[in-house]
Amino acid sequence: MSHAATGHLETSTGIDNKKLLMWLFLASDCLFFGSFIAAYLLYRDRSLVGPYPEDLFDIPFTSVSAFVLLMSSVSMVLALSAIQRGNVRGLQIWLFATAALGALFIAGQAYEFTEFYHEGLRLDTNLFGTTFYVLTGFHGAHVTIGILILLSLFIVSLRGGIQQKDSLTIELAGLYWHFVDIVWIVIFTLIYLIQP
Amino acid sequence: MTLADYRSKRGEPALPEEEHGEHAEHHPGALEYTQIGLILAFITAVEVGLYYIDMSHTLLVAVLIALSIAKFSMVVLWFMHLKFDNRLFSVLFVGGLALTFAVFIAAIAALRGKLV
């Protein structure tokens with residue numbers, strides 16, 4: 001009996017291997033970010049020289065960044081919802097919106113890093129600088145990779161390469177995108193809002 | 001023989017992908033996703049508001065962590081569809097989170113006070 005007739009995939013688990021692999025990757029990426037967050041929390045109040053977090057953090061600005069990334073998750077899930085209904089035009093609009101919101105978040109991070117640099121915080125200034133830049137920098141790199149994936153999918157969809165039957169591809173990209181959002185939810189609370 | 005075939009021969013009701021397909025039909029629509037997005041935005045606004053309120057640090061930390069967990073769970077359950085998808089994905093992700101939390105606590109407990 002064919003795959004279409006049975007409604008399941010002929011894998012040892014009966015579920016799609018690409019989706020399984022994505023969830024495995026996300027589970028392993030939890031450890032990646034968990035380690036950097038633990039390092040930040042251990043070292044942030046051990047700097048011998050300033051500037052310190054309380055001298056630099058601009059909570060209203062970072063709150064807007066957090067809001068932008070959160071809303072990009074909404075637009076991403078709307079893109080998936082659109083293609084699952086066969087609405088390719090909707091997919092294109094929401095994919096582009098998600099990439100644009102992601103780019104806005106990265107622009108905000110670049111501005112924040114520049115401000116911190118001018119305030120005297122470099123990668124090697126103190127332990128706060130080292131752990132902060134490494135943690136948020138790796139998160140920014142993840143977001144940047146996500147934007148490139150979204151723009152690639154947007155271009156492919158413009159060329160007619162994504163139809164309703166390809167919704168799993170959008171779902172996988174969405175899983176990655178939502179993951180970088182939940183990592184920022186944790187970073188925003190533990191690093192920015194909760195200070196010693 | 002695949003696990004799917006094995007389960008089918010045993011007469012078990014739903015193969016994993018069938019479960020997925022069945023639940024996929026119950027995925028939320030655009031309206032529900034938007035409502036969840038608004039709730040997430042509201043929680044973020046509450047978090048930022050709490051930051052400026054003069055209150056006990058311990059209470060502030062507890063409330064902020066609780067709100068953060070609520071946001072995290074909403075994104076994972078609804079936007080990432082763990083609430084509707086195959087349980088194996090939940091097992092994998094929660095396993096990864098549990099391992100991360102264990103390493104996190106072990107690192108904090110082992111190294112706090114011993115670092116220069």
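**Talking through a predicted two-chain model**

Modeller: In this predicted model, 42 residues of chain A are in contact with 47 residues of chain B. On the chain A side, α2 (17-43), α4 (59-84) and α7 each supply at least two of the touching residues. The largest share, 12 residues, comes from α2(A).

Biologist: What makes a pair of residues "in contact" here?

Modeller: Their C-beta atoms, placed from the backbone, have to lie within 7 Å. Sorted by class, the side of chain A that touches chain B has 25 nonpolar, 14 polar and 3 charged residues.

Biologist: And how confident is the predictor in the complex, by ipTM and pTM?

Modeller: The complex gets an ipTM of 0.88 and a pTM of 0.86.

Biologist: Where is confidence lowest in chain B, and where is it highest?

Modeller: Helix α2 (residues 16-24) of chain B is the low point, with a mean pLDDT of 44, while helix α4 (residues 57-79) of chain B is the high point, at 94. Over residues 13-24 of chain B the pLDDT is below 50, yet this stretch has 27 contacts in the model beyond near neighbours in sequence. For chain B as a whole the mean is 80, and 74% of its residues reach 70 or more.

Biologist: Now the folds. How many helices and strands does each chain have?

Modeller: Chain A has 7 helices and 0 strands, and chain B has 5 helices and 0 strands. Along its principal axes, the C-alpha trace of chain A spans about 70 × 35 × 25 Å.

Biologist: What share of contacts in chain A joins residues 24 or more positions apart?

Modeller: Counting contacts with a separation of 6 or more, 80% in chain A are of that kind. In chain B, among contacts between residues at least 6 apart in sequence, 57% join residues at least 24 apart.

Biologist: Let's go to helix pairs. Why is α6(A) called roughly antiparallel to α7(A)?

Modeller: Helix α6 (residues 127-158) of chain A and helix α7 (residues 167-193) of chain A pack at an angle of about 155°, with their axes 10 Å apart. The cut-off for roughly antiparallel is over 145 degrees, so α6(A) counts as roughly antiparallel to α7(A). The crossing of α6(A) past α7(A) is left-handed.

Biologist: Which residues meet there?

Modeller: From α6(A) they include A:L135, A:H139, A:V143, A:G146 and A:L150; from α7(A), they include A:I170, A:Y176, A:W177, A:V180 and A:W184. By class, the contact of α6(A) with α7(A) divides into 13 nonpolar, 4 polar and no charged residues.

Biologist: How do you know how α4(A) runs relative to α5(A)?

Modeller: α4(A) and α5(A) pack at an angle of about 160°, with their axes 8 Å apart. Set that against the cut-off of over 145 degrees, and α4(A) is therefore roughly antiparallel to α5(A). Here too α4(A) passes α5(A) in a left-handed crossing. The contact of α4(A) with α5(A) has 17 nonpolar, 7 polar and 1 charged residues.

Biologist: On to single residues. What makes B:H81 count as buried?

Modeller: B:H81 has 22 other C-beta atoms within 10 Å. Buried needs 20 or more, so B:H81 is buried. B:H81 is found in the loop between α4 and α5 (87-111) of chain B, and its phi is near 65°, a positive value in a residue other than glycine.

Biologist: Why is A:F96 called partly exposed?

Modeller: A:F96 has 18 other C-beta atoms within 10 Å. Buried takes 20 or more and exposed takes 12 or fewer, so A:F96 is partly exposed. A:F96 is found in helix α5 (residues 88-118) of chain A, and its C-alpha atom is separated by 6.6 Å from that of A:F154, 58 residues apart along the chain.

Biologist: And why does A:G161 count as exposed?

Modeller: A:G161 has 11 C-beta neighbours inside 10 Å. With exposed set at 12 or fewer, A:G161 therefore counts as exposed. A:G161 lies in the loop between α6 and α7 of chain A. The C-alpha atoms of A:G161 and A:T130 are separated by 43 Å, with the two residues 31 apart along the chain.

Biologist: What share of each chain counts as buried?

Modeller: For chain A, 41% of the 196 residues; for chain B, 23% of the 116 residues.

Terms used
Residues numbered from 1 in each chain as written. Chains lettered and ligands numbered in written order. Predicted model: local features only at pLDDT ≥ 70, side-chain atom pairs only at ≥ 80, totals over all residues. Axes fitted to C-alpha atoms, helices over the stretch in contact; angles between N-to-C directions. Helix = DSSP H or I, 4+ residues; strand = E, 2+ residues; numbered from the N terminus. Parallel < 35°, antiparallel > 145°, perpendicular 65-115°, else oblique. Left-handed = near helix turned anticlockwise from the far one by under 90°. Contact = placed C-beta atoms within 7 Å. Nonpolar A, V, L, I, M, F, W, Y, C, P; charged D, E, K, R; others polar. pLDDT = per-residue confidence, 0-100.
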